Amino acid sequence: MTAPEPAPVLPPDLAPPAPERAPDTGPVRDRAPLPDVLRGVALLGILIVNMQDFAGFLEWQQVGVDRAAQVVTDVFANGRFISIFAMLFGWGAAGILARRGVGVFLRRHAALLLVGALHYMLVWHGDIISNYATLALALLLVARLSARALLGTAGALGAWWLGLALLEAAATASRTGPRFAFLPDLLPTYGANVQERAAEFWPLLLQGNLFNGPWLVALFCLGAAAGKTGLLTRPEEHRSLLRRLALGGLGVGLPLGALLAYLNTRADYAAGTLALPVRMAGGLAGALGYVGVLGLLAASGRLGAWRFFAASGRMAMTNYLTQSVVMTLIFYPYGLHQGFGWVSGAPAAGAGEAFPYSGEFAAWGAAQTLALALLVGLAQLPLSAWWLARFGRGPVESLVRRVTYGPAARQNRGHD
């Protein structure tokens, strides 16, 4: 989904560490703060973007303060934090493969697939854990490559995906008609929704992996390359690179975010098609810019208040699933009925939108949902710190660990 130059990736001049020092391959026993901080920040940003899907509003229908909130979301969050999350997933998965071997890697990702499947079927159609768990198998083919080779693989996959997306956008540039929406066709009862999601899970997982697989694997490769070089665990050794990421990433990402914000004011089909590659390319650029900024702060020992995000990042899977449960209970018809209600899958002729609304449910716009996302996401910071102080790991993280390591999970005190 012919491509302009892809958004900036980790530069090819980034070489592996000197031979006398073994490269980092992921999490270590003495946790570096930067990966957890990045993961915690990404978790909040992902929630902000996901609110559009939870609440069921359409970006191009926002006006006034809702329009302002949507612009802020598109410029600074949309596509950025999911890219950070995917790169961190690749960083961690490649590290586990290098340290623990193929058997542990496969058991862990089988456990993640189970968690993702249950999340999709029982809670929310927007699950990403199952996609990550299955696409991570690609790391078995590339994780032993050098940092340079991983960057080349990421560049090739990313350019291919962006090229296809831009070709599709060019082919539909003159197409008239309403913009498509990716919002779910919700049913009135919880049981009916579970039954429908269970029936569609495997076909849609395969479809999503075929469509987004090259892009996500490219992000995994970038994360694996960062692990090879110690970029996240030893940022003080990579100040020059981090400066280039910060300046180049934000220099590309912010203008593309502004373009996305403009496209999200338009209700036509062509704008929706072009918004996808703009979102992903700008999202990657902005993500690398944020990594550069936070990396420079970490390298200087000046993370300050950003460290509060580390606890949330350490139990990111638990917090991610909790966000889905809370938001679906607030907005879905079997909860508090605060979201939009869909009537049918038939386009509303001449209405400039993909589906008509029933209007029977209360409507939340971008501003209200942004405030709610900040409230819930920031509340998870002290709650995560409280939980970790008492139990050491998040409950879902502990469960995945138990499935992965079996009885040895209690004796194995590493951070995998």
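Helices (H or I, at least four residues) and strands (E, at least two) are DSSP runs, numbered from the N terminus. The exercises below concern a predicted model, in which local features need pLDDT of at least 70, side-chain atom pairs count only at pLDDT 80 or more, and totals for chains, interfaces and linings use all residues. Residues are numbered from 1 along each chain as its sequence is written, and side-chain values use heavy atoms, with hydrogens and water left out.

**Exercise 1. The chain as a whole**

State how many helices and strands the protein chain has, and what percentage of its residues count as buried.

*Solution.*
Step 1. The protein chain contains 14 helices and zero strands.
Step 2. Buried means under 20% relative accessible area, exposed over 50%, and partly exposed in between (1.4 Å probe, protein chains only). By this rule, 55% of the 416 residues are buried.
Step 3. The accessible surface (Shrake-Rupley method, 1.4 Å probe; for residues, only the protein chains shown count as cover) amounts to about 17600 Å², and carbon and sulfur atoms account for 66% of that surface.

**Exercise 2. Helix α13**

Determine whether the end-to-end distance of helix α13 agrees or disagrees with its expected span, and describe the surroundings of the helix.

*Solution.*
Step 1. The expected span of a helix is 1.5 Å times one less than its number of residues. Helix α13 (residues 366-391) has 26 residues and should therefore span 38 Å; its end C-alpha atoms lie 36 Å apart, in agreement.
Step 2. The bend at a residue is the angle between axes fitted to the seven residues ending there and the seven starting there. In α13, a kink of about 25 degrees is located at L381, shortly before the proline P382.
Step 3. The buried residues of α13 include A366, L370, A373, G377, L381 and S384. An α-helix has 3.6 residues a turn, so residues three or four places apart point the same way.
Step 4. Contact means heavy atoms within 4.5 Å. Among the elements covering the buried residues of α13 are α1 (33-55), α2 (65-76), α11 (309-314) and α12 (316-331).
Step 5. Just after α13, G392 adopts a positive phi of about 85 degrees.

**Exercise 3. Two residues of helix α4**

Classify V102 as buried, partly exposed or exposed, and do likewise for L118.

*Solution.*
Step 1. V102 lies in helix α4; its relative accessible area is 43%, so V102 is partly exposed.
Step 2. L118 also belongs to helix α4; with a relative accessible area of 42%, L118 is partly exposed.
Step 3. L118 and V194 are separated by 76 residues in sequence and by 9.9 Å in space, C-alpha to C-alpha.
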